[in-house]
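Hi,

Here's the structure I promised to pass on. Have a look at it first, and my notes follow underneath.

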Amino acid sequence: MKKKDVTPYPALFPNPVSLVTCGPLEHPNIITIAWAATACREPPMVSIAVTPSRHSYNLILESGDFVVNIPFARDVFKVDLCGNLSGETVDKFAQCGYTPEPSLRVTSPRIGECPVSIECYLEQTVHLGTHDLFIGHVANVAIDESLLLNGKPDLSRMDTLAYAQGTYYLLGEAVGTHGFSVKEKEEEPL
Ligand SMILES: Cc1cc2nc3c(=O)[nH]c(=O)nc-3n(C[C@H](O)[C@H](O)[C@H](O)COP(=O)(O)O)c2cc1C
C-alpha cells in the first residue's frame, strides 16, 4: 500500500447522524449533528461538536442541557433538512412533523418519533476553533420498547443511518462481535 499524505483534517468515518434537540419545550429546536461521540462509560458522557454561529449553540448554553436523538434511516430527508435550515427562522419540529415530548431529566425536549433519545446535562464546554465541544453527562436514555433487546436497541431491527464524507449510508451487516478474535476456536470436526 502506498499512502499519500494529505492536508490534516478530522478524517474519522463513518459517523453516527443524530438530531440534537435543545431549547424549551414551547420553542424547541433541532440541529443535525454528525460529530457526536461516546466520551466516557462511567460516568456516562457523550460529546457533540457545535459551531458557535449555530442557533442551537446558545440554546444549549442557556438551558445547560441537550438531547441526542438517533433517527431512523427512513427519516434521512428530515435529517438533511434539520442540517440545512436554522431554527432562527424555521420551526423544524413543525417542518418535519416531529413531536416535541418532555424529557425525563432535562428541560430540552426529546423527539417523539426517534427510537433513541439520550438526555444530557452540559458538563463542560471545550473551546476549540470552528467547533466547540459540548461534553454531555448522560442523565437518561429513552429507547423505543419495541426495539429493546437485553436493555439495548436491537440494531438488527433498527433502521440506522451512518454518515461519511457528505453522504448518508445505511448501517451495514454485522461482521463480528466484541472479543470474537480472542475466543477459543471450536474444535474442527474431523
Ligand atoms: C449531515 C449533517 C451533519 C452536520 N453536523 C454538524 C455538526 O456536527 N456540528 C455542527 O455544528 N453543525 C453540523 N451540521 C450543520 C447544522 O446542522 C446546520 O448548520 C443547522 O442548520 C444548524 O441549525 P440551527 O441554526 O437551528 O442550530 C450538520 C449538517 C448536516 C446536514
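Let's start at a turn: right after α1 comes Gly-64, with a positive phi near 75 degrees. Bear in mind throughout that this is a predicted model.

The helix before that glycine, α1, spans residues 55-63, and Ser-56, Tyr-57, Leu-59 and Ile-60 are buried in it. What covers them? Strands do part of the job: the cover over the buried residues of α1 includes β2 (18-22), β3 (29-33), β5 (45-50), β6 (65-70), β9 (116-127) and β10 (132-143).

β6 is worth a click of its own. Five of its six residues are buried, so you'll find this strand mostly covered. β6 pairs antiparallel with β2 through three bridges, and there Leu-19 sits opposite Asn-69 of β6. β6 also runs antiparallel to β9, this time over six bridges; Phe-66 has Cys-120 of β9 as its bridge partner.

Now zoom out. The protein has three helices and 14 strands, and its C-alpha atoms fill a box of roughly 70 × 45 × 35 Å along the principal axes. Of the 190 residues, 37% are buried. Among contacts with a separation of 6 or more, 59% are between residues 24 or more positions apart.

As for the outside, the accessible surface is about 12,400 Å², and carbon and sulfur atoms account for 56% of that. On the charge side, there are 14 positive and 23 negative side chains, with the centres of the two sets 7 Å apart.

Cheers

Key:
Residues numbered from 1 in each chain as written. Predicted model: local features only at pLDDT ≥ 70, side-chain atom pairs only at ≥ 80, totals over all residues. Heavy atoms only, no water. Helix = DSSP H or I, 4+ residues; strand = E, 2+ residues; numbered from the N terminus. Buried < 20%, exposed > 50% of the residue type's maximum accessible area, 1.4 Å probe, protein only. Contact = heavy atoms within 4.5 Å. Areas by Shrake-Rupley, 256 points an atom, 1.4 Å probe, with all protein chains shown as cover. Lys, Arg positive; Asp, Glu negative; His and termini not counted. Charge placed at Lys NZ, Arg CZ, Asp CG, Glu CD. Pairing = 2+ DSSP bridges.
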